[in-house]
Amino acid sequence: MKLYGYWRSLATYRVRVAVALKGIALDEPEIPVDILQGKQFDDAYRKLNPQSVVPALVMDAGPPLFQSMAILEYLEETRPQPPLLPADARGRARVRGLAQICVSDGHPFIVPRIRRYLEQELKADEAARTRWQQHWSLKALEAVEAHLAAEPQTGRFCHGDAPTLADVCVASQVIAAKDYSRCDVSGVPTVMRVYAQCMKLDAFARSHPSRQPGAPADFKA
């Protein structure tokens with residue numbers, strides 16, 4: 001099992017966390033694909049993932065897996081312990097819904113190809129691009145906050161007292177807002193309480209972008 005990713009990639013972060021939570025040993029260290037330098041468009045990587053995004057998970061048999069949520073679901077199905085989805089159908093739907101707010105509604109607005117389009121095609125200056133990133137990063141967290149603060153299924157983590165796929169995805173969105181966009185996250189206290197619980201776990205903490213090979217020495221969470 002080989003993971004292609006990038007230190008800064010939030011989608012790769014999600015896979016890193018799930019792999020660590022499940023105690024899966026990769027065959028070699030994460031293989032870097034510098035998405036800021038355009039290495040995802042190299043022919044060799046495009047053969048692994050024609051969309052030219054990270055991550056990609058390669059195994060001995062079959063084509064590479066792609067898209068972080070699909071990879072997380074695959075890991076859950078093939079390595080069910082410890083479980084990252086609740087046992088009941090309603091609980092699984094809630095966890096998936098919280099996850100999708102982050103990975104489908106929040107994260108896509110701030111990925112490099114979108115920022116590049118804003119700059120090159122729409123001629124948005126850096127200040128405008130920063131406002132765009134901050135706006136969409138916080139919108140996703142505000143939606144999650146509304147669910148977590150109001151629903152009794154919320155526990156120490158997003159759903160109950162053990163981490164689930166929702167926590168993996170919400171943690172990545174917090175990193176986007178707090179560490180990348182430098183948003184004021186005081187308006188999402190339940191989210192930040194859950195995030196603090198996540199970061200007490202080694203799987204979340206050591207997977208943080210700032211702790212990956214290739215992260216700049218001056219990058220601070």
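Arg-14 counts as buried, at 2% relative accessibility; buried here means under 20% relative accessible area, exposed over 50% and partly exposed in between, using a 1.4 Å probe and protein chains only. The model is a predicted one, so local features need pLDDT of at least 70 and side-chain atom pairs count only at pLDDT 80 or more, while totals for chains, interfaces and linings use all residues. Residues are numbered from 1 along each chain as its sequence is written, and side-chain values use heavy atoms, with hydrogens and water left out.

Back to Arg-14, which sits in helix 1; helices (H or I, at least four residues) and strands (E, at least two) are DSSP runs, numbered from the N terminus. Skip its neighbours within four places in sequence, and Arg-14 is in contact with Ser-68, Leu-72, Val-103, His-107, Val-168, Cys-169 and Ser-172, where contact means heavy atoms within 4.5 Å. With Ser-172 there is also a side-chain to side-chain polar contact of 2.9 Å. That term covers a pair of N or O atoms within 3.5 Å; within protein, one must be able to donate a hydrogen and the other to accept it, and residues adjacent in sequence count only if both atoms are side-chain atoms. Arg-14 and Pro-55 are 41 residues apart in sequence, with their C-alpha atoms 9.5 Å apart in space.

Now take helix 1 as a whole, residues 10–21. Its twelve residues reach 16 Å from the first C-alpha to the last, close to the 16 Å expected at 1.5 Å a residue; the expected span is 1.5 Å times one less than the number of residues. Twelve of the twelve are buried, so helix 1 is largely enclosed by the rest of the structure. What does the covering of these buried residues include? Strand 1 (2–5), helix 3 (68–78), helix 4 (89–106), helix 7, helix 8 and helix 9 are all part of it. At the start of helix 1, a side-chain oxygen of Ser-9 comes to within 3.4 Å of the backbone nitrogen of Ala-11. After the helix comes Gly-23, with a positive phi near 65 degrees.

Another helix 1 residue, Arg-16, is buried as well, and its side chain shares a polar contact of 3.5 Å with that of Gln-212. Gln-212 belongs to the segment after helix 9 (202–205) and is buried, with a relative accessible area of 13%. Leaving aside neighbours within four places in sequence, Gln-212 also touches Trp-7, Arg-206 and Ser-207.

Helix 7 is next. Of its 16 residues, 15 are buried, so helix 7 is largely enclosed by the rest of the structure. The 16 residues should span 22 Å at 1.5 Å a residue, and the end C-alpha atoms are indeed 22 Å apart. Helix 7 and helix 8 (residues 189–199) have axes that come within 10 Å and cross at roughly 110 degrees; axes are lines fitted to C-alpha atoms, for helices over the stretch in contact, and angles run from 0 to 180 degrees between N-to-C directions. That makes the two helices roughly perpendicular, given that angles under 35 degrees count as roughly parallel, over 145 as roughly antiparallel, 65 to 115 as roughly perpendicular and the rest as oblique. Among the residues making the contact are Val-170, Val-174 and Ile-175 of helix 7, and Met-192 and Tyr-195 of helix 8. The contact residues divide into nine nonpolar, no polar and three charged; Ala, Val, Leu, Ile, Met, Phe, Trp, Tyr, Cys and Pro count as nonpolar, Asp, Glu, Lys and Arg as charged, and the others, Gly among them, as polar.

Just ahead of helix 7, in the loop between helix 6 (126–150) and helix 7 (165–180), is Pro-163. It counts as buried at 16% relative accessibility, and its contacts beyond four places in sequence include Leu-21, Phe-157 and Phe-204.

Over in helix 4 there is Arg-94, buried at 11% relative accessibility. Its side chain makes a polar contact of 2.6 Å with the side chain of Glu-151.

Finally, some backbone details. The Val-54 to Pro-55 peptide bond is cis, with omega near 5 degrees, and the Gln-81 to Pro-82 bond is also cis, with omega near -10 degrees. Ser-52 has a positive phi near 60 degrees despite not being glycine, and counts as buried at 5% relative accessibility. Gln-67, likewise not a glycine, has a positive phi of about 70 degrees, but counts as partly exposed at 41%.
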